[in-house]
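Student: Could we go through this structure together, with you showing me how each label is earned?

Tutor: Gladly; have a look at it first, and then we will start with a definition.

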Amino acid sequence: MLALVLLLAGGAATGCGGRATTHHKPGTSHQQATGSVGTLLDTTDPTGHRLREVPAEGAPEVRLAARPDTEDGWNLQLTVKNFRFTPDSTGGAALPGAGHAHLELDGRKVARLYGPWFHLPAAQVPEGAHTLTVRLYADDHTAWAVAGKAVEGTAQLTAAAPGQGGHTHAPPSAPPSPEAQADRTVAITVRDGKVAPAPGRTELRRGESLALRVTSDRADTLHVHGYDKELALPAGQEATLVLTADRTGLFEVETHESRLVLTQLLVR
């Protein structure tokens, strides 16, 4: 009986003090694998993430500034208060004042941010005036909120047409395709809730690069666990994510909304 008590105590200590997982339990979504911080609301932010409301006093805050880069695009700075970036625990339970940020351009998600600085290439910004938005999220992907509104900051920028001065974004030559840069390419199709080819394992050697070409019949988000890489999947359009396998282990690639496993990356 004493041994059993010691075993349970040791397990509890590991659960509280160990490194947070980046993978939720089977059968649950990121938003269900949640902590008890604040109040989880039924309402969502513009991207469909549920709001996690906390009192205004001591709540996370964020401001966004965009500065033109002398060579290309803009350098974005996030100034946060009562908040810290925790990339190592993304996918775990919500912890007070911790998590990551999402960057949106005119309401379209551009990237997930794990620090206060981000370089936005000019090639990603069409000509004209635009609104950038950053929104703060907990590790379980719920959006921090105060008084029913997500915690976010905005900034304005204008991209000039090529040859008209200011910030132009026409590259001198077309960059090589992601497939050309990758050591391996895997093409996956999602249609009517089914994955083709059937989910299996994609084996890689550490240091190899992989291009994931995914076409989904509905808008969704691709997520590579362990690497915390995300890619927006427009409905009916092919999207490509290129990553370098710099971590060994077994990592699942899945969709957020439909919660489908597309493949498993086995990196040796």
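Tutor: A charge sits over a ring if NZ of Lys or CZ of Arg is within 6 Å of the ring centre and within 35 degrees of the ring normal. Keep in mind as we go that this is a predicted model.

Student: What makes Arg247 count as lying over the face of Tyr227?

Tutor: Arg247 is at 5.8 Å from the ring centre of Tyr227 and lies over the face of that ring. The distance cut-off is 6 Å, so 5.8 Å satisfies it.

Student: Why is the pair of Tyr227 and Phe251 called edge-to-face?

Tutor: Two numbers settle that. A pair of aromatic rings is described by the distance of the centres and the angle of the planes. For Tyr227 and Phe251 the centres are 4.9 Å apart and the planes stand at 75 degrees. Centres must lie within 6.5 Å for a pair, and planes over 60 degrees apart count as edge-to-face, so this pair is edge-to-face.

Student: What does that pair tie together?

Tutor: Tyr227 lies in the loop between strand 17 (220-224) and strand 18 (229-233), while Phe251 belongs to strand 20 (residues 249-255), so the pair links parts that are 24 residues apart in sequence.

Student: How do you know whether Tyr227 is buried or exposed?

Tutor: Buried means under 20% relative accessible area. Tyr227 has 9% relative accessibility, so Tyr227 counts as buried. Phe251, at 11%, is therefore buried as well.

Student: How many aromatic pairs does the structure hold?

Tutor: There are 2. Phe83 and Phe85 also form an edge-to-face pair, with 5.3 Å centre to centre and 90 degrees between the planes. Both Phe83 and Phe85 are buried.

Student: Why is Phe118 called partly exposed?

Tutor: Phe118 has 22% relative accessibility. Partly exposed covers the range between the buried limit of 20% and the exposed limit of 50%, so Phe118 counts as partly exposed. Phe118 lies in strand 8 (residues 117-120). Leaving aside neighbours within four places in sequence, Phe118 is in contact with residues including Trp74, Leu76, Leu103 and Leu113. Phe118 and Gln77 are 41 residues apart in sequence, yet 6.7 Å apart from C-alpha to C-alpha.

Student: And what makes Thr202 buried?

Tutor: The relative accessible area of Thr202 is 6%, so with a limit of 20% Thr202 is buried. Thr202 is placed in strand 15 (residues 201-204). Not counting residues up to four places away in sequence, Thr202 touches Arg184, Val186, Leu210, Thr263, Gln264, Leu265 and Leu266.

Student: Which sheet contains strand 15?

Tutor: Strand 15 belongs to an open sheet of 5 strands, in the order 15-21-20-17-18 and with mixed pairing. Strand 15 and strand 18 are the edge strands, each pairing on one side only. The twist averages 15 degrees from one strand to the next. Within that sheet order, strand 17 and strand 20 run antiparallel and are joined by 3 bridges. Val224 has Val253 in strand 20 as its bridge partner.

Student: How do you know that strand 17 and strand 20 count as a pair?

Tutor: Two strands pair if there are at least two bridges between them. Strand 17 and strand 20 have 3 bridges, so they pass that test.

Student: What makes strand 14 and strand 19 edge strands?

Tutor: They belong to an open sheet of 4 strands, ordered 14-13-16-19, with mixed pairing. Strand 14 (194-196) and strand 19 (238-244) each have a single partner strand, so one side of each has no neighbour in the sheet. Neighbouring strands here are turned by 25 degrees against each other on average, direction ignored. Strand 13 (residues 184-191) and strand 16 (residues 209-216) run parallel, joined by 7 bridges. Ile188 stands opposite Val214 in strand 16.

Student: How do strand 1 and strand 2 pair, and what lies in the turn?

Tutor: Strand 1 (residues 39-44) and strand 2 (residues 50-53) pair in the antiparallel sense over 3 bridges. They form a hairpin with 5 residues between them, and Gly48 in the turn has a positive phi of about 95 degrees. Thr39 has Glu53 in strand 2 as its bridge partner. Strand 2 also runs parallel to strand 10 (residues 143-146), joined by 3 bridges, and there Glu53 is partnered by Ala145.

Definitions and conventions. Residues numbered from 1 in each chain as written. Predicted model: local features only at pLDDT ≥ 70, side-chain atom pairs only at ≥ 80, totals over all residues. Heavy atoms only, no water. Helix = DSSP H or I, 4+ residues; strand = E, 2+ residues; numbered from the N terminus. Axes fitted to C-alpha atoms, helices over the stretch in contact; angles between N-to-C directions. Phe/Tyr/Trp six-rings, centres within 6.5 Å; stacked < 30°, edge-to-face > 60°. Buried < 20%, exposed > 50% of the residue type's maximum accessible area, 1.4 Å probe, protein only. Contact = heavy atoms within 4.5 Å.
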